[in-house]
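Grab a coffee and work through these exercises with the model open beside you. Each one sets a task and then walks through a solution.

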Amino acid sequence: MAKGRKSTKAREKETDWQERVVQIRRVTKVVKGGKKLSFRAIVIVGNERGQVGVGVGKASDVIGAVKKGVADGKKHLIDVPLTKSNSIPHPATGAGGGAKVMMRPAAPGTGVIAGGAVRTVLELAGVRNVLAKQLGSGNPLNNARAAVNALETLRTFSEVAEERGVSIENLYA
């Protein structure tokens, strides 16, 4: 019995993940007997504390597609370094397919200034103050992937100092 209780507690800890469905599309595949209908769900999963992932799920029903999307999102999680003002440490750009995303840190109180899927990615990553712009494609999946790509390239000052073998004080000088 004790084992069973432990596993439910472990499951309860995992519930701090938030899932947001960005898009649900009805897709068809032409087969010999006619058209096969299925659904594609783009889901963004995050814990609002620096972890976020984008997932895609396909199934014959919407609920199944969303479940698969959540599972896929949890497989592709990335860590996002956040500053004390819940912003990003430095400007970043990312690309995904035909989409490009530009991000800039912002002063406290600015909020998340971004559109579409990029806004959802940033909110679920825990970023509170940021300026972002989508360039190129308006495709939600490519924009979400471009945003994740931009967040992946972020590095903190301490990481840069460590890479260069310099103390943080000397990094500013």
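**Exercise 1. Decide whether Glu 48 is buried, partly exposed or exposed, and describe its backbone.**

Step 1: Keep in mind that this is a predicted model. Step 2: Glu 48 has a relative accessible area of 30%. Buried would need under 20% and exposed over 50%, so Glu 48 counts as partly exposed. Step 3: Now the backbone. Glu 48 isn't a glycine, yet its phi is positive, about 60°. As background, most residues other than glycine have a negative phi. Step 4: To place the residue, look in the loop between E2 and E3.

**Exercise 2. Do the same for Asn 86: find its loop, its phi and its exposure class.**

Step 1: Asn 86 sits in the loop between E4 and strand E5 (92–96). Step 2: Its phi is positive at about 50°, again without being a glycine. Step 3: With a relative accessible area of 32%, Asn 86 is partly exposed.

**Exercise 3. Work out which elements build the largest nonpolar core, and which one gives the largest share.**

Step 1: This core has 30 residues, and those with the most contacts inside it include Val 52, Val 118 and Leu 151. Step 2: Elements giving two or more residues are strands E2 (34–46), E3 (51–59), E6 (99–105) and E8 (130–136), plus helices H3 (116–125) and H4 (140–152). Step 3: H4 gives the largest share, seven residues. Step 4: Don't stop there, as a second, separate core of eight residues includes Trp 17, Ala 41, Ala 65 and Val 70. Step 5: Zoom in on Val 52. Leaving out residues up to four places away in sequence, its contacts include Ile 44, His 76, Ile 78, Val 121 and Leu 151.

**Exercise 4. Check the length of helix H2 and find what covers its buried residues.**

Step 1: H2 (residues 62–75) has 14 residues and reaches 20 Å from first C-alpha to last, close to the 20 Å expected. Step 2: Its buried residues are Gly 64, Ala 65, Gly 69, Val 70, Asp 72 and Gly 73. Step 3: Their cover includes strand E1 (18–31), E2, E3 and strand E4 (77–79).

**Exercise 5. Zoom out and sketch the whole protein: its elements, box and burial.**

Step 1: Count six helices and eight strands. Step 2: From the N terminus, the order reads α-β-β-β-α-β-β-β-β-α-β-α-α-α. Step 3: The C-alpha atoms fill a box of roughly 70 × 55 × 30 Å along the principal axes. Step 4: Of the 173 residues, 38% count as buried.

Methods. Residues numbered from 1 in each chain as written. Predicted model: local features only at pLDDT ≥ 70, side-chain atom pairs only at ≥ 80, totals over all residues. Heavy atoms only, no water. Core = buried A, V, L, I, M, F, W, Y, C linked by side-chain atoms within 4.5 Å. Buried < 20%, exposed > 50% of the residue type's maximum accessible area, 1.4 Å probe, protein only. Helix = DSSP H or I, 4+ residues; strand = E, 2+ residues; numbered from the N terminus. Contact = heavy atoms within 4.5 Å. Expected span 1.5 Å × (residues − 1).
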